[in-house]
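Reader: Please give a close account of one part of this model, and state the cut-offs that each term carries. How is that part put together?

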Amino acid sequence: MSTTQSERLRELLEPLVTSQGLDLEEIELDSVGRKRVLRVVVDSDTGADLDRIADVSRALSAKLDDTNAMGEGEYTLEVGTPGAERPLTEHRHYVRATDRLVKFQLAEGGELVARILKVDDEGVDTEVPGVKGRKATARRLAFDDIVRARVQVEFSRKDNKKEEEA
């Protein structure tokens, strides 16, 4: 998709998504033969349940049809939320990942897997899990020290089990 088309779609759709209390995270247009698929990824600080996704999908569909922004050809509109292992690229993504386990690729080289405890304008405070009976350690990461960060899926968390048993 050309940058200008992407920018036009973002300018058209972002105010509508924002009015629904969501953030427009990504727009992607794929063409396979004659079929076109417009994927719109939305999110918010409180998450987006199926009802909110359905509401914003209907609103986006109506806006696209009214403005003819997609042209005359058929297309499929897919509206969803970021995946479980989403990359963290914006400050708000780090805030939303607070208390989640994240894999960081560091500017100094190497990787670090740590839980985000707190986020401010300069970086994140993390807790690095202890290995083989050792205590967890605190570590501060400045945003400039982070090359890439991605949320990790956790199937069972020991401290959550303790809370559930209590």
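Author: Two strands are taken to pair if DSSP finds at least two bridges between them, and the strands themselves are DSSP runs (E, at least two residues), numbered from the N terminus as are helices (H or I, at least four residues). The model is predicted, so local features need pLDDT of at least 70 and side-chain atom pairs count only at pLDDT 80 or more, whereas totals for chains, interfaces and linings use all residues. Residues are numbered from 1 along each chain as its sequence is written, and side-chain values use heavy atoms, with hydrogens and water left out.

The part chosen here is the open sheet, in which five strands follow the order S7-S6-S5-S4-S8 with antiparallel pairing. Its edges are strand S7 (137–142) and strand S8 (146–151), each of which pairs on one side only. From one strand to the next, the twist averages 40°; axes are lines fitted to C-alpha atoms, for helices over the stretch in contact, and angles run from 0 to 180 degrees between N-to-C directions.

Within this sheet, strand S4 (residues 101–106) runs antiparallel to strand S5 (residues 111–119), and five bridges join the two. Opposite Ala114 of S5 stands Val102.
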